[in-house]
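Trainee: I should like to learn how to read the features of a protein model. May we go through one together?

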Amino acid sequence: MRTVISLSLVAFATLASCLPSNNSTTAIPPSSTSYWFSQPIDHFGLNRNTWNQQYVVNATFYKQGGPIYMVTPGETPLSTYYTDRTHFTELAQKTNGLLVAVEHRFYGKSNPMPDLSGPSLKYHTVENVLEDFAAIIRAAKRNPSSVFPVPVSANSKVVFAGGSYGGALAAWMHAMYPNLVAGAWSSSAVLQYRLQNYQLDQSWGKHLQALGCAKEVAKAVKDLDAILLSGNATAIRNIQAEFGIPALTPRDFAGLVTSLISAAAMAPNYVDQDYTRTTVCSFFNSTQSSLGSYATAVASMIQSQGYSQNDLTQIADTNLNLDNYALSQVGRVWYYQGCAWYGNWQVAPPTSCGLTPYRSQLVDLTYFQPNCKRKFGSNMVTPVNSAGFNRKWMGRLCGVSNIYYTVGSLDLWRGSSVLTWEGLALPNTTASPIFLIEGGSHTQDLSRGNSRDLPSLTTSRIVGDRQVMKWIA
C-alpha cells in the first residue's frame with residue numbers, strides 16, 4: 001500500500017548541512033524542524049531524477065539503543081501531531097524511543113513531480129510509497145547521522161505504525177521489509193478492497209441500530225431520494241436550503257450529505273460521549289419528520305464546522321477543478337488512488353442486495369468512476385482491478401508475524417478490516433494478534449490515553465505495548 005528490488009542508497013542533497021554533528025552533547029532540536037530526504041521519482045523504473053521527502057523527528061526521549069518509532073500520516077499532510085501527541089509519544093517515553101514521522105509522497109510538501117496531472121501521478125504507486133520509507137530506514141541503519149539530528153544507534157529496532165490507510169502501509173512495510181522493520185502496529189487498517197464498497201454504511205447502520213435511530217435515518221434517506229429523483233426543481237431547491245447547502249446538482253448534493261454524515265461516523269467514542277448519538281441520533285424526535293430531523297442534523301454539522309457556502313461548493317461540485325493540477329490537493333491525490341489502485345468507492349448498496357441504504361442511491365459507481373478519466377486523462381483504465389489489488393496486497397500479509405491489528409467494533413471501516421462483521425480475514429495468532437475494541441471507532445487506539453477512554457480501548461493499548469516490547473527486545 002512485491003518483489004523488493006535492491007537499490008544503491010540515495011545520498012542526501014543538502015541535509016548534512018542542516019543536521020548537527022553526531023555527538024553526545026548535541027542539543028535536541030524542536031520536533032517542528034523539517035528534514036528532507038532525497039528520493040528517486042521512480043525506485044523501480046527509468047526516471048531516476050530526485051525529489052525531497054519531508055520528515056520530522058522527536059528525539060526528546062531517545063537514549064542510545066532505544067527503538068525508532070516510524071509513523072506516516074498517510075493521506076494527510078505532515079504535522080508534529082504524529083510525533084508529539086499520539087500513543088506512540090507515550091510509548092517512546094517508556095522505552096527511550098525516537099519518533100519519526102514521514103510524509104507520504106504526493107501529499108503535503110513531499111512532491112516528486114511539479115503537478116498532479118495524470119502523467120505525473122503515474123509514479124504514485126504502492127511500491128514506490130513503501131520503498132520511500134524503506135530507503136530512509138536503510139540510510140538510518142548505515143549512517144544514522146545522515147538522517148537524525150541526534151546520535152542514534154545504527155542497530156536500533158524500527159517499529160512502523162499507522163492508522164486507516166496508514167495502518168495498511170504499516171502492515172505492508174513489515175511484510176515487505178522484515179529485515180528493516182521489526183514489527184507493525186496496524187490500527188483500523190483498510191485491507192480489503194472492493195470496486196463498490198457499500199459495506200461501509202452497513203457498519204454504520206449497526207451503530208445506528210444500537211443507538212435506536214437506524215430506521216429513522218434510513219427513512220430520511222429514502223424520503224430525500226424521492227425528492228432528488230422527482231425532477232421537481234422547486235422541491236429540490238427547498239430541501240437543499242433546509243439542509244443549509246448551496247444549489248448543486250441532485251447527485252452532488254447527495255454526495256455532499258453523505259460525506260458530512262460519514263465524518264460523524266468516524267469520530268471517536270468515549271465513556272461519556274458517542275459522537276454519532278450527539279450529532280445524528282439526538283436530532284430525531286417526534287416534533288419533526290425523519291427527513292426534517294436529518295436536515296437539521298446536517299445543517300448543525302455545517303455550522304459547527306464553520307463551512308461557508310463556497311467551501312461546500314468546492315467540496316461537492318464534481319465539475320470543478322477537473323484540470324486543476326496544482327500541488328497540495330489532498331482530495332485529488334486520494335481520488336487518484338481510488339481510480340488507479342483499488343476503487344473502494346463508497347456507494348449505496350444496489351437495490352438487488354436487499355440491504356438497508358444509509359446513503360442516497362444517487363451515490364453509486366457512476367457518481368465516482370467517470371471522474372477518473374475526466375481528472376486524470378483518457379489513459380485511465382476503468383473499472384480498476386480492485387480484486388487483483390486485494391489479492392496482491394492482502395496476500396502479502398498471509399502468515400506474517402509481528403503485526404498487531406486493532407479494529408473498533410463501531411468503526412465505519414470495519415467491513416474493510418481484518419475482522420469484519422462476518423469474521424476474520426486473517427488468522428488471529430499469538431504472533432500477529434487481532435484486537436477488537438468494544439465500542440471503539442476509527443484508529444482510536446493511536447490517540448493518547450485519557451480518563452474518558454473506553455475500558456477496551458485502554459486494554460488494546462496495553463496489549464499492543466506488550467507486542468512492541470517483544471519486537472524491540
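Trainee: Which residues in H3 meet which residues in H18?

Mentor: Please keep in mind that this is a predicted model. On the side of H3, the residues are His 87, Leu 91, Lys 94 and Thr 95. In H18 they meet Arg 461, Asp 465, Val 468, Met 469 and Ile 472. By class, this contact of H3 with H18 divides into four nonpolar, two polar and three charged residues.

Trainee: How should one describe the way in which two helices pack?

Mentor: Two packed helices are described by the angle between their axes and by the distance between those axes. Here, the axes of H3 (residues 87-95) and H18 come within 12 Å and cross at roughly 50°. H3 and H18 are therefore oblique to each other. Their crossing is right-handed.

Trainee: At what angle do the axes of H9 and H10 cross?

Mentor: The axes of H9 (residues 233-243) and H10 (residues 250-266) cross at roughly 25° and come within 12 Å. Angles under 35 degrees count as roughly parallel, so H9 is roughly parallel to H10. The crossing of H9 and H10 is left-handed.

Trainee: Which residues make the contact of H9 with H10?

Mentor: H9 contributes Ile 236, Ile 239, Gln 240 and Phe 243, while H10 contributes Pro 250, Phe 253 and Val 257. Sorted by class, the contact of H9 with H10 has six nonpolar residues, one polar residue and no charged residues.

Trainee: Let us turn to the backbone. What should one expect of phi and of the peptide bond?

Mentor: Most residues other than glycine have a negative phi, and most peptide bonds are trans. In this model, the peptide bond from Thr 382 to Pro 383 is cis, with omega near -5°. Pro 383 belongs to the loop between helix H16 (370-376) and helix H17 (386-395).

Trainee: Where is Asn 344 found, and what is its phi near?

Mentor: Asn 344 lies in the loop between helix H14 (330-342) and helix H15 (365-368). Its phi is near 60°, a positive value in a residue other than glycine. Thr 443 also has a positive phi, near 55°, and is placed in the loop between strand E12 (434-437) and helix H18 (455-472).

Trainee: Why does Asn 344 count as buried?

Mentor: Buried means under 20% relative accessible area. Asn 344 counts as buried because its relative accessibility is 6%. Thr 443, at 22%, counts as partly exposed.

Trainee: Is Ser 417 buried or exposed?

Mentor: Ser 417 is buried, with a relative accessibility of 2%. This residue is in the loop between strand E9 (403-408) and strand E10 (419-420).

Trainee: Which residues does Ser 417 touch?

Mentor: Leaving aside residues up to four places away in sequence, Ser 417 touches Ala 189, Gln 192, Val 407 and Ala 425. In addition, a polar atom of the Ser 417 side chain lies 3.0 Å from the backbone nitrogen of Leu 419.

Trainee: How far apart are Thr 125 and Arg 105 in sequence and in space?

Mentor: Thr 125 and Arg 105 are 20 residues apart in sequence, and 9.5 Å apart in space from C-alpha to C-alpha. Thr 125 sits in the loop between helix H4 (118-121) and helix H5 (126-142). At 23% relative accessibility, Thr 125 counts as partly exposed.

Conventions. Residues numbered from 1 in each chain as written. Predicted model: local features only at pLDDT ≥ 70, side-chain atom pairs only at ≥ 80, totals over all residues. Heavy atoms only, no water. Axes fitted to C-alpha atoms, helices over the stretch in contact; angles between N-to-C directions. Helix = DSSP H or I, 4+ residues; strand = E, 2+ residues; numbered from the N terminus. Parallel < 35°, antiparallel > 145°, perpendicular 65-115°, else oblique. Left-handed = near helix turned anticlockwise from the far one by under 90°. Contact = heavy atoms within 4.5 Å. Nonpolar A, V, L, I, M, F, W, Y, C, P; charged D, E, K, R; others polar. Buried < 20%, exposed > 50% of the residue type's maximum accessible area, 1.4 Å probe, protein only. Polar contact = N/O pair within 3.5 Å; in protein donor to acceptor, adjacent residues only side chain to side chain.
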